[in-house]
Amino acid sequence: MSPTWLLRSLMVLLVHVVVLCQGKLDVHFHALIPHHFAWAEEFKRALLSKLWSFRRDRRYMSMFRTFRATTNVTFLKQDSPDEILNTFCDVVFPSHTTVILHINNPLSIRRRTSANQYVNELTDFFGIPLISWDAEFSGSSYALQEARTLQIAPTIQHMSSAMLKLLMRYNWTDFAIVTTTVAGNQDFIASIRSKAEESQNAPKYSPDGVSRVRFKILCELILRDAKNQTRSMREMGELIRSNVRVILLHSSGLESKYILDYARAMGITTADYVWILTQTAIPTAKIAPSSFHLGMLGVSYDHSRNSMENAIKTAVTIWVTALKDIASKRGVASKLNIVPHQTCNSTGKIYWEEGKHMYRYMKNISITTPTPIAFNESGTLRYTELKIINIQQRVVGKKWIEVGRVKQNELIMQDITWPGEASIPPRGKPEKSFVRIATLRENPYVIYVKPEANNQCTESAARCRIYERDENKKKIYNRTTDWCCVGLSIDLLKQLSVQLEFDFDLFEVEDFQWGALDSTTKQWNGLVRVLIDGKADMVMTSLKITPERNAAVDFSVPYLETGITIVVSIREGAISPTAFLEPYDYPSWCLILVFCVHTTGTSIFIFEWLSPYGLNQGKTTLREHKFSLFRSFWLIWAMLFGAAVSTDTPRGIASRMMANLWALFALVFLASYTANLAAFMITKEEYFDLSGIGDWRLKNPTAMQPPFKYATIPNGSTETNIKNNHKDIYRYMKKFNLPTVEEGILALKHQKIHAFIYDATVLEYYVGKDKGCRLRTVGSWYAMTGYGVAFPRGSPWVNKVNRVLLQLQNDGEMERLQKFWLAGACHKMKEKKGVSSHTLGILNFTSAFILLACGMVLGGILLALEHCYFKFGRDCMRKCNKSGCCTLISLSLGKSLTFEQSVMEAIDLHKKTRCKNAMCETQMWKLRHELDLALLKIDNLQNSIRKEEDNDDEDNNRDIILRSKQQQQQQRPRQPNGVPGRRVHYDDDNRVDRHPVTGAYHVKRANPSKRDNLNLVNRRSPTTRSNYDPSNGIDWSGPHRSPLLEPANRHTLSDVSPTSKANFRRSPSYVSAISEDSPNSESADLQNRTRVYDGKLYFGVDCSDNNCEAESEF
């Protein structure tokens, strides 16, 4: 014995001990059954025996350890409200009833509709779950879920499903529904209707490739007063008009007798008709009434005593199984509180809220043997067993005999007696009728095609009889010729013939007229005439529904919408000379090229004029910054067209920002212009773009030269409409009318007429199929109407055809036919072209104009900020810009903060504010001239002093080097390799070092002066000695020289740059650079210098005698 098994055994024992300590829960099952003197004891015995059978079953031992289950039954004798309510107060509530079983069987006991309804309402009010076996239950799923009801009797939904299975077996797809006001009539109709819609929406073929059956309800009748023969027969006349052969009847047993008496009198109970009745419509008598004909079918179920006993046993099984499921889950019974505590004397809430748990467990059970029990979500049985019964002849008379069963959704049939005692089932549809149909050619609705070589028509065509005609459409012979007809109307006709099952003879109308009323004779012609004369049963072509025709004949519902429209022909033209201007309209061109260009150019110039970086209100000379209003315009035009030309750019921040925004505006302008230009630089297609039937060219055609010509077809709906509503147009158009649409289109292309007026859909077809796509429909549609199938007055075919047409429209078949026949290649080309060549107006360019306006506002803001910076912010920035970081960010910003800029501003201010008097100006010039000459003298004296100092230094260096050489030769020791060693000689004031590689001596003074130089002398290399400069005693050759010792770095006047000299002199009069003629002669350099001051040029200044005088002045 394993420890695990022992542990489990102990746990089970512990559970049993706990249950024994807690005690069992009292649960009660109560049955409410109508009293029957012979069956009461049998029902009580069935209830007790079923419960005891579960007590003996070991599988239910755990349930009986948890619950103390008891049952009881109450037989209602009077079915009064007092009796039912007392039963609840005295028996149901004290016994803690958890489930109530209620049986209602008016077919075998008695009808008790009110009592049945009262019991259902009480259980719903108290919240007690109800198991119902109700033969009158309507099957409303909403009522079941709300009332916590489980229905174990077959419902109307089950019976309607069985009826459709019977229809599907014998391929009876078209049927009618007849009901009275009996209980459940609306549920019956809704159930049949929903299943028929499911079949219509289902795929045509099953996954196995089998064609699915599609049900169609031809008629729905609700007889309000079945006892009223006159009214009922008048309402049942719809069955004859709909030509139905299969009828489903739901009523009471008495009402069904009346209805079938009326049907027999009307002749709709013959061998061609099939009647199928529900359970409630079948009388309870064993012998069928005389009005019930042989072969009638019914859907029923067993409602005898045995069936009620089985219902009691089934209800007990459902209850006990639910308790078993609850007991199998530990602790659930006590948590759910499935024992109610209700009394009639309680003043509080008496609704049992926890009853929903008991209802849920019962609904979720699943029993497979011996009888399968399972519920749908709505609370009805998933599987039921129904009987198919049939009236057959027996010795005693006509009796209902079981001929089949529906078991677990499968139909099993046996031998049936068919209506009229036929050996085969009825067709369920009427025999094929023969219909005479008149037509008239109209592309694409009816197209005449010659038969093939074997004199046969294709599958999509229908054979038709056509008259041979001359050019004026007059008959040549009185006999017809067999042709083939195709087109949209022909496809529709073939579908009607299949669904309504009729054969037809299709022929052309003799006078080739559509049908118009003669105003003189008041007689109709054409297609309308053949219907009135009874020569045709139907007209199938593109016949428009008009008020006049509708008064003479009957029409079906419109199967296609149409109207009146106008078609014109495209005329070839040359490229317009102003095509390059057509992308924009003229107001847009004026706004862009006149207003925007000049406004933006003026704004840039104004910003530049006011900007401190720019013209600075005229303070900046044109020599420094060349910018003007016209140059601003030139810049704008160059940016607008992207021209690669030289332009002057502004300097101010605001003007630059404005220029950038103009560049963005120009980008948008050029992009939109280029994109639309290609659409206009093509050969222009010209046509008369009429606005519609009210266009001025139609009302006043002589206003054009040549006069505007238009036409239509005579004796048609278009001409009739124009004649009645636009008499002037009709009178003018009449002389140009053409007999056919083809001739009208041909005359339009050859410019014999300028417009053709006719049916919109027909003209759209010709436009879509036109070779070269040279036709256009213009204007809006006028006089909207539709095409319909025409019939003689009172024809029985109207409703049948309407029903099929509506079904075809719901299925999308009419839309498919329209796309197939009316679509054309030219329509697709027209859709691709779109509206890209439409002229752009001001509204299309609004965003770009807003951009320019925002740019001007932004420019003004930047200009104000620029002035604020120069007035208030520059001083603060100058203090912070000690390291010159602002120059890295912006050159203009850094320049505005430097001292040089301040000096230049002061000079400019001085120039702008100098004295304007001539004598004052002359005196100022003399003083500045003397100052310049004095500065030149100072330069000459400084150069002389510098030369004397250089000569003294050279002599001293030469003496020091000689003494050093002598001392080294005397004191230099030898190295081990025999090479003389390096010796360093020190004297009191100087030190001489010898370079270890080059052998040069480096002389350093102990106390060097400011102008001392270091000299290197190479005693070995002759090349080095050749580079020795005797003027100063310094050698500039060799790789060891320092940049500081280069000749360019010697402090002589000839080696100082002119800019350095000007800075050295700090003279404001030197504005331009100083040119040098000879760098080797200092005196020549001074004599050949040039001076520029205040716009005057000085050259040949002589300073040899320390008296600088200008030789000439220019």
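Reader: How many of the residues of the protein chain count as buried?

Author: Of its 1114 residues, 46% count as buried. Keep in mind that this is a predicted model. The chain has 35 helices and 38 strands.

Reader: What share of the contacts join residues at least 24 apart?

Author: That would be 69%, taken among contacts between residues at least 6 apart in sequence.

Reader: Okay, a concrete case. Why is serine 160 called buried?

Author: Buried means under 20% relative accessible area. Serine 160 has 0% relative accessibility, so it counts as buried. You'll find serine 160 in helix 7, residues 156-169.

Reader: Which residues does serine 160 touch?

Author: Leaving out residues up to four places away in sequence, serine 160 touches Phe188, Ser191, Ile192 and Lys195.

Reader: And leucine 661, what makes that one buried?

Author: Its relative accessible area is 15%. The cut-off is under 20%, so leucine 661 is buried too. Leucine 661 sits in helix 19, residues 653-680.

Reader: How far apart are leucine 661 and methionine 856, in sequence and in space?

Author: In sequence they are 195 residues apart, while in space the distance is 8.9 Å from C-alpha to C-alpha.

Reader: What makes helix 13 a mostly covered helix?

Author: Just count: helix 13 covers residues 355-363, and 7 of its 9 residues are buried. Those are Gly355, His357, Met358, Tyr359, Tyr361, Met362 and Lys363.

Reader: Let's move to helix 4. Which of its residues are buried?

Author: In helix 4, residues 81-92, the buried ones are Glu83, Ile84, Thr87, Phe88 and Val92.

Reader: How do you know which side of helix 4 they are on?

Author: Around the axis they cover an arc of only 140 degrees, which puts them on the same side of helix 4. The face turned away from that buried side carries the exposed residues Asp82 and Asp90.

Reader: What covers the buried residues of helix 4?

Author: The cover includes strand 1 (25-34), strand 2 (67-76), strand 3 (97-104) and helix 5 (113-126).

Reader: How many aromatic pairs does a search of the whole structure find?

Author: It finds 25. Take phenylalanine 88, one of the buried residues of helix 4, and its partner phenylalanine 93.

Reader: Why is the pair of phenylalanine 88 and phenylalanine 93 called what it is?

Author: The ring centres are 6.2 Å apart, and a pair needs them within 6.5 Å, so these two do pair. Their planes stand at 70 degrees, and over 60 counts as edge-to-face, so that's the name the pair gets. Both phenylalanine 88 and phenylalanine 93 are buried.

Reader: How do the rings of phenylalanine 502 and phenylalanine 504 sit?

Author: Edge-to-face, with 6.4 Å centre to centre and 65 degrees between the planes.

Reader: Are phenylalanine 502 and phenylalanine 504 buried or exposed, or in between?

Author: Phenylalanine 502 has a relative accessible area of 2%, so it is buried. Phenylalanine 504 comes to 23%, and the range from 20% to 50% counts as partly exposed, so that's its class.

Reader: Which residues do ring pairs link into a cluster?

Author: Phe688, Phe708, Tyr710, Tyr732 and Phe736.

Reader: Now the empty spaces. How many cavities of 30 Å³ or more turn up?

Author: There are 5 in the whole structure. The largest has a volume of about 170 Å³.

Reader: What lines the largest cavity?

Author: It is lined by 15 residues, with Asp174, Leu218, Pro430, Gln499 and Leu500 nearest its centre. Strand 7 (216-223), helix 14 (488-500) and helix 25 (797-811) each give two or more residues. Helix 25 gives the most, with 4. By class, the lining divides into 5 nonpolar, 4 polar and 6 charged residues.

Reader: And what is the volume of the second largest pocket?

Author: About 1100 Å³. Its lining has 38 residues, and Asn310, Thr314, Thr371, Pro372 and Ile373 lie nearest the centre. Elements giving two or more residues include helix 2 (40-55) and strand 13 (385-394). Helix 11 gives the most to this lining, with 9 residues.

Reader: How does the lining of the second largest pocket split by class?

Author: It has 15 nonpolar, 12 polar and 11 charged residues.

How values were computed:
Residues are numbered from 1 along each chain as its sequence is written. This is a predicted model: local features need pLDDT of at least 70, side-chain atom pairs count only at pLDDT 80 or more; totals for chains, interfaces and linings use all residues. Side-chain values use heavy atoms; hydrogens and water are left out. Buried means under 20% relative accessible area, exposed over 50%, partly exposed in between (1.4 Å probe, protein chains only). The arc is that of the directions from the helix axis to the C-beta atoms. Contact means heavy atoms within 4.5 Å. On a 1 Å grid over the protein atoms alone, a cavity is a set of points where a 1.4 Å probe fits but cannot get out, and a pocket is an open set with protein on both sides within 12 Å along at least five of seven lines; lining residues have an atom within 4 Å of a point. Grid points are joined across faces, edges and corners, and a volume is the space filled by probe spheres set on the points. Ala, Val, Leu, Ile, Met, Phe, Trp, Tyr, Cys and Pro count as nonpolar, Asp, Glu, Lys and Arg as charged, and the others, Gly among them, as polar. Rings of Phe, Tyr and Trp (its six-membered ring) pair if their centres lie within 6.5 Å; planes under 30 degrees apart count as stacked, over 60 as edge-to-face and the rest as tilted.
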